[in-house]
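Student: Please take a close look at a single part of this structure, the open sheet, and describe how its strands are arranged.

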Amino acid sequence: MPQRWEDADGLVNYTSTVPTDGGWAKIQWNSNKVLVIDTLAETGYAPKVQQESATRVSISFESAARSTLITAWWDDDRPQVDVDNGNG
């Protein structure tokens with residue numbers, strides 16, 4: 001569950017740490033932007049961040065045998081996230 005807070009300008013922000021099998025990412029959302037604050041890969045995985053637009057970002061954790069993916073975006077006045085652990 002994302003934590004909710006207001007910045008100095010009164011803009012509502014959310015932050016959450018999102019885990020995958022390949023690592024985790026700490027993400028910040030608001031209506032103007034979605035940012036990756038930090039990532040930490042599990043052993044054997046490497047993180048890759050792709051800022052697709054101001055309000056959409058993807059973070060992949062890739063190993064020689066497997067890839068996991070977090071996609072985070074802002075939609076309908078709230079943060080959205082999808083995690084694909086590459087299991088299917």
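Tutor: What follows describes the open sheet, then the aromatic side chains. The model is a predicted one. Four strands make up the open sheet, in the order S1-S2-S3-S4, and their pairing is antiparallel. S1 (3–6) and S4 are the edge strands, each of them pairing on one side only. From one strand to the next, the twist averages 20 degrees.

At the S4 edge, strand S3 (residues 23–29) pairs with strand S4 (residues 34–41) in the antiparallel sense, over seven bridges. These two strands form a hairpin, with four residues between them. Within this pairing, Gln28 has Leu35 of S4 as its bridge partner, and Ile27 stands opposite Val36 in S4. As a general point, strands of a sheet pair through backbone hydrogen bonds, in either the parallel or the antiparallel sense.

Strand S2 also takes part in an aromatic contact. The structure holds one aromatic pair. Its members are Tyr14 and Trp74, with ring centres 5.9 Å apart and planes at 45 degrees; the pair is therefore tilted, since stacked would need planes under 30 degrees apart and edge-to-face over 60. The pair links distant parts of the chain: Tyr14 belongs to strand S2 (residues 12–20) and Trp74 to strand S7 (residues 67–75), 60 residues apart. Tyr14 and Trp74 are both buried.

A further ring contact involves Trp73: Arg56 lies over the face of this ring, at 5.1 Å from the ring centre.

Key
Residues numbered from 1 in each chain as written. Predicted model: local features only at pLDDT ≥ 70, side-chain atom pairs only at ≥ 80, totals over all residues. Heavy atoms only, no water. Pairing = 2+ DSSP bridges. Axes fitted to C-alpha atoms, helices over the stretch in contact; angles between N-to-C directions. Phe/Tyr/Trp six-rings, centres within 6.5 Å; stacked < 30°, edge-to-face > 60°. Buried < 20%, exposed > 50% of the residue type's maximum accessible area, 1.4 Å probe, protein only. Lys NZ or Arg CZ within 6 Å of the ring centre and 35° of its normal.
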